[in-house]
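This report covers the nonpolar core, one helix that feeds it, and the ligand site. Start with the core.

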Amino acid sequence: MIKIEAIVREEALEDVKAALIAEDVRGITVSQVMGCGTQMGYTQLVRGSKVSTTMLPKIKFEIVVSTSQWAERAINAIRKAAYSGNPGDGKIFCYEIQRAIRIRTGEEDVEAITPALSS
Ligand SMILES: Nc1ncnc2c1ncn2[C@@H]1O[C@H](COP(=O)(O)OP(=O)(O)OP(=O)(O)O)[C@@H](O)[C@H]1O
Ligand SMILES: [Mg+2]
């Protein structure tokens, strides 16, 4: 099992969500977060003085999938939907997941993240 964490622009929320659903990814967590990448936010001129904004609002998607094939599908969908070509488009991180449990049925691991038998 693989966890994909994608931090994208706020305005990419709906497109990324739709792209994941279109790829049959089921089970998505979304949070509003603040962050900075290599540019450390940005600097703008406010009434003649430079003001730096270190942390910018971003959207974080977290999804857990069963195989590396599913992970590639999800990653490609996110990349396409979140891409503008400008700095700040975001990043995708992947992790190995050790364990998953569906609370309602007690199913574990891959069974816990695929549709339940009795849904
Ligand atoms: N190394 C990192 N660790 C944790 N979070 C990160 C890291 N890099 C980026 N992020 C998160 O992703 C968001 C978007 O990063 P961003 O796209 O600006 O990355 P970047 O490396 O600066 O690339 P770019 O040059 O395209 O802007 C950040 O606001 C932050 O929340
Ligand atoms: Mg950046």
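## Nonpolar core

In this predicted model, the largest nonpolar core holds 20 residues. Those touching the most other members are I4, V8, V16, L20, F61 and I78. Four elements each give two or more residues to this core: β1 (2–9), α1 (13–22), β5 (56–65) and α2 (68–82). The largest share, seven residues, comes from α2.

L20 shows the packing residue by residue. Leaving aside residues up to four places away in sequence, L20 touches V25, I28, F61, I63, A74 and I78. In soluble globular proteins, nonpolar side chains tend to be buried together.

## The buried face of α1

Which residues of α1 are buried? They are V16, A19 and L20. Because these residues cover an arc of only 100° around the axis, they lie on the same side of α1. An α-helix has 3.6 residues a turn, so residues three or four places apart point the same way.

The buried residues of α1 pack against β1, β5 and α2. After α1 comes D24, which has a positive phi, near 70°.

## Ligand 1

Ligand 1 is surrounded by 13 residues. The closest are T38, Q39, G88, G90 and K91.

Backbone and side chain both supply polar partners for ligand oxygen. A polar backbone atom of T38 is 2.7 Å from an oxygen atom of ligand 1. For a polar backbone atom of G90, the distance to a ligand oxygen is 2.8 Å. In K91, an N or O atom of the side chain is 2.7 Å from an oxygen atom of ligand 1. On its own, ligand 1 has 600 Å² of accessible area, and the protein covers 68% of that area.

Terms used. Residues numbered from 1 in each chain as written. Chains lettered and ligands numbered in written order. Predicted model: local features only at pLDDT ≥ 70, side-chain atom pairs only at ≥ 80, totals over all residues. Heavy atoms only, no water. Core = buried A, V, L, I, M, F, W, Y, C linked by side-chain atoms within 4.5 Å. Buried < 20%, exposed > 50% of the residue type's maximum accessible area, 1.4 Å probe, protein only. Contact = heavy atoms within 4.5 Å. Near = heavy atom within 4 Å. Polar contact = N/O pair within 3.5 Å; in protein donor to acceptor, adjacent residues only side chain to side chain. Areas by Shrake-Rupley, 256 points an atom, 1.4 Å probe, with all protein chains shown as cover. Arc of directions from axis to C-beta.
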